[in-house]
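Good morning, and thank you for joining this meeting. Please look first at the sequence and the structure, and I shall then speak about a few parts in turn.

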Amino acid sequence: MRQKRKSKKLLKIYQKLYNAIGPRHWWPGDSPFEVIIGAILTQNTSWKNVETAIKALKEYNLLDPVRLLKVDEGILANTIKSSGFFNIKTKRIKNFIRFLFENYQGSLEKMFSENLTPLREKLLKINGIGPETADSILLYAGGKPIFVVDAYTRKILLRHNLISKAAGYSETQALFMENLEKDVRMFNEYHALLVYVGKYFCKRIPGCENCPMRGL
DNA sequence: TGCCAGGCCGGGT
DNA sequence: ACCCGGCATGGC
């Protein structure tokens, strides 16, 4: 498909979803810090299980950079148990927190004052932070103009012939970023809407026949 | 009951 | 540059 067509189709999909479903007000979370921790916890995990873990973190007063820096790993692992992969996620959270203190004195504000591209590269160097987690942090916690790609995004785009089966993360991301205005608000809503469609239409019975993307 | 969920890493080709 | 097994709980 030619670029011009792709860009029109991407915009059309967005407008159709937005009009049919409305704003999603993403990411679910009370603060940028909570968004970041949630982004790590939700790796290959249902959001429901993550919510339980975040609730537990709040109960134990652990949803805070200094507390997480100091907390014993065993305690942390036990607290986030419901999110699955708890040992490895404990390490990943610790890795991020140490990064935050070593480079920005524990301040998210300082971290996000950095420019998008260099910050993204630094985040990707943290063990346990891959492209989706990094981009979720940048977009949803930091308000930076980057498009988040996830399993739903690829599945839906593949079905609508906008990417090939072989398309990886960066190729899929480039499709959005090179064919749409780099608008934080839209990137935010667009990804959230795709997740909504994936969850509530694609894999629901009944559901697919009512999908707002039907016919596009 | 088994399969899947808003990934990522490390080791192997 | 890909490909794969491992990581683990809770919901259906």
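**One helix and its surroundings**

On α3, the face turned away from the buried side carries two exposed residues, Lys48 and Glu59. Exposed here describes a residue with 12 or fewer other C-beta atoms within 10 Å of its own, and buried one with 20 or more, C-beta atoms being placed from the backbone. Helices are DSSP runs of H or I with at least four residues, numbered from the N terminus.

I should say that this is a predicted model, in which local features need pLDDT of at least 70, side-chain atom pairs count only at pLDDT 80 or more, and totals for chains, interfaces and linings use all residues. Residues are numbered from 1 along each chain as its sequence is written, while chains are lettered from A and ligands numbered from 1 in the order in which they are written.

Which residues of α3 are buried? They are Val50, Ala53, Ile54 and Leu57. These lie on the same side of α3, because they cover an arc of only 100° around the axis, taken from the directions from the helix axis to the C-beta atoms. Just after α3, Asn61 adopts a positive phi of about 60°.

I turn now to DNA strand B. Among the 23 residues around this strand, Gln43, Asn44, Gly130, Thr133 and Ala151 come nearest; near means a C-beta atom, placed from the backbone, within 6 Å. The largest contribution to this surface, four residues, is from α9.
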